[in-house]
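Reader: I am new to this structure and would like to look at how its helices and rings are arranged. Could you take me through it step by step?

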Amino acid sequence: MIYLDIYRSMGGLLNQSAICQVLMTNQKTQRHGLILTADEAREIMEAGNLSLRNYNRVEIDIDVIRNMILTFCDSPYMNSQDYASTIIDLVDIFYYVKNESEDRISDNDLINIMKDFFDKSCRGSTELLKNRELALLTRILKQSSDYYLQEE
Amino acid sequence: MNTGIEKMTFSKKTPIEPNRYTLSLLDYGSQIGVIDQHTIDQVQIGILSILKGLIIKYTQGKSTSLKVETTESILVSVLYSLDARLSGFPEPGDAAEYLRIQNIEYIYQEGLELVNSCCMATRQLFQQIVDSKLNISLDAYNSTIDEALPAFFDNYDPIFSAQDTITSMDYPLLFDDTETTGIYYIEQYLEKLAMENYFCSLFPPDSVEKLLVNYGQIYCIDYKETLLNLFEVLLTNSIFSVLIGNKANDLRISPHQFELLKQKFHGLDQTDCSSLISQAIETLIEELNIDQSALSNYIGRYPALLMPRFCSALEHNNLMNVIILDSQENQPVDIRWNEGNIIDDEDFRLMVDQILECLDGAGKAALINSSIHSLRDFIDVLEADCLFDDEYIALFKTLGALELSILARIVFAEELRTGGTDYSPGSAEEKQLEMPWQIEFLRYWQGLSSEKIRDIEYHMFSSFPSDGSSEF
């Protein structure tokens, strides 16, 4: 079976290219005082891969990580000290919810909802985001008939 | 210059698996050094690119990730189309060369077109089968054509799940290829079903139905609910019908003809038996004017399946399980139970009360035998909790071999169905018998002499008269 982890299967080229794309987000985030180093970008990529493995998912792009960074960079609860680790947590929560909701929500919708909860009711707490707000959202989504995937 | 592919050395014994052709070609080609790493990398990158496009299509662009199982299923679907194209080359070497020089996306599109074409052609074939469907009361046959196959065509998806054969097609073919998947499985299934249907249509419908009734009686089952292959049942009787001098489309074999058949095979070794059967098949093909070579070849594969069963039955004097005798031709039998004489509920309750009042087994047996005249009532009495321990044995002792054979068919139904005349009665624990009368019957059976058992078995493996007296 051909290896399905797109990050791994495309080898170092994609990794390097992906890291560059993550680093390019600095152009927008630096105005909020948020800058990732190359090591942190690599760390985010590796953590993202680990989340995918943990949740048994396959990713074909780095859009989720890029969009997560670009959406959350203006949050009042983001700070430069734990910027990378917060992004890692958010990416992990994102894939967790995708799985738990049985893919009943699109990537962009989920990122935007996460941002809304994070900034408002969760006040920057990723624990509350995952265990309270998104747990409820997941339950609602599983009961929903509005389902964009054909099967599963 | 290194072209990436040396002259291919795939031999005739090349272990290319037909049902995972592309991966197997890459695996083996790289093992023997005729497909280089660059080609493998290009193929892998190409497949992942196709996969990426399909995931976006699958999620309608709303997600860039999917569960591994879903992704794998789409990947297998991609490989299914690639296999469709690459396995079309006469030699694996040609396929490997094509992989090297041609863009994988292009090969995929070619394969997908082949799968789509096969799907259209198979739909047409299915319509022909629907139009020429046999009028027989076999549930599995009817539900496969009326429900399962239409559901398959409604749901089949060549892009995202080309390999799926999810359907409840219960009707078994004589020679099915269960290794194949997706539309190619359905294609081979329908091609064979069309041949089988044509063959079955060469026999008079009423004699087909009659043969099935006799088949059900032999195995003590409701043939309508049985997963039997009609083609095999008809072909078998037709072969032996020819051997006894009947016309090929005459399915009736009388007990007298059956004895003649036994004599015909008596003392012959396996080669001689096989030769006789092969000759009969040739005659049958000629008499039935079968001019389709595919059908002739299909029938020609049957002796390999029939011979072990036939030889075993011949050796154990159990041919009655292979050849279905015509029940009307059976000798008249004397049976005390007649379906027309069922006691009404009130009288039945009174009789059970009388049985319970009776204190000894012999008395109970006499009462039952004088009052009961149908098998249904007899079984009801056995299950009415009015007999205990040895009282069952006392009753069984009063029954003749024919009546005992009917009870034996009930108690050993599963063993007879699976083992035929080679059935083994087993123990009560093994059989997980629950009814006390069945446990006692088994105990009674185990105490019988081999001569008595042979006598009963004679009736067990004979067809019953068709007056319904054996049914309840």
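**Helix crossing and aromatic rings**

Author: In this predicted model, helix H5 of chain A and helix H7 of chain A cross with a right-handed sense.

Reader: At roughly what angle do the axes of H5(A) and H7(A) cross?

Author: Helix H5 covers residues 63-72 of chain A, and helix H7 covers residues 107-119 of chain A. Their contact involves, among others, Val64(A) and Phe72(A) on H5(A) and Ile111(A) and Phe118(A) on H7(A), and its residues divide into 6 nonpolar, 4 polar and 2 charged. The two axes come within 10 Å, and they cross at roughly 35°.

Reader: Why does the pair of Phe126(B) and Phe153(B) count as stacked, edge-to-face or tilted?

Author: The search of the whole structure finds 26 aromatic pairs over all chains. For Phe126(B) and Phe153(B), the ring centres are 5.5 Å apart. Stacked planes are under 30 degrees apart and edge-to-face planes over 60, so the angle of 35° between these planes makes the pair tilted.

Reader: Which helices hold Phe126(B) and Phe153(B), and are these residues buried or exposed?

Author: Phe126(B) belongs to helix H5 of chain B and Phe153(B) to helix H6 of chain B, so the pair ties together parts that are 27 residues apart in sequence. The cut-off for buried is under 20% relative accessible area. Phe126(B) has 8% relative accessibility and Phe153(B) has a relative accessible area of 5%, so both count as buried.

Reader: Over which ring does the charged end of Lys130(A) sit?

Author: A charge sits over a ring only if it is within 6 Å of the ring centre, among other conditions. The charged end of Lys130(A) is 4.4 Å from the centre of the ring in question, which belongs to Tyr96(A).

Notes
Residues numbered from 1 in each chain as written. Chains lettered and ligands numbered in written order. Predicted model: local features only at pLDDT ≥ 70, side-chain atom pairs only at ≥ 80, totals over all residues. Heavy atoms only, no water. Axes fitted to C-alpha atoms, helices over the stretch in contact; angles between N-to-C directions. Helix = DSSP H or I, 4+ residues; strand = E, 2+ residues; numbered from the N terminus. Left-handed = near helix turned anticlockwise from the far one by under 90°. Contact = heavy atoms within 4.5 Å. Nonpolar A, V, L, I, M, F, W, Y, C, P; charged D, E, K, R; others polar. Phe/Tyr/Trp six-rings, centres within 6.5 Å; stacked < 30°, edge-to-face > 60°. Buried < 20%, exposed > 50% of the residue type's maximum accessible area, 1.4 Å probe, protein only. Lys NZ or Arg CZ within 6 Å of the ring centre and 35° of its normal.
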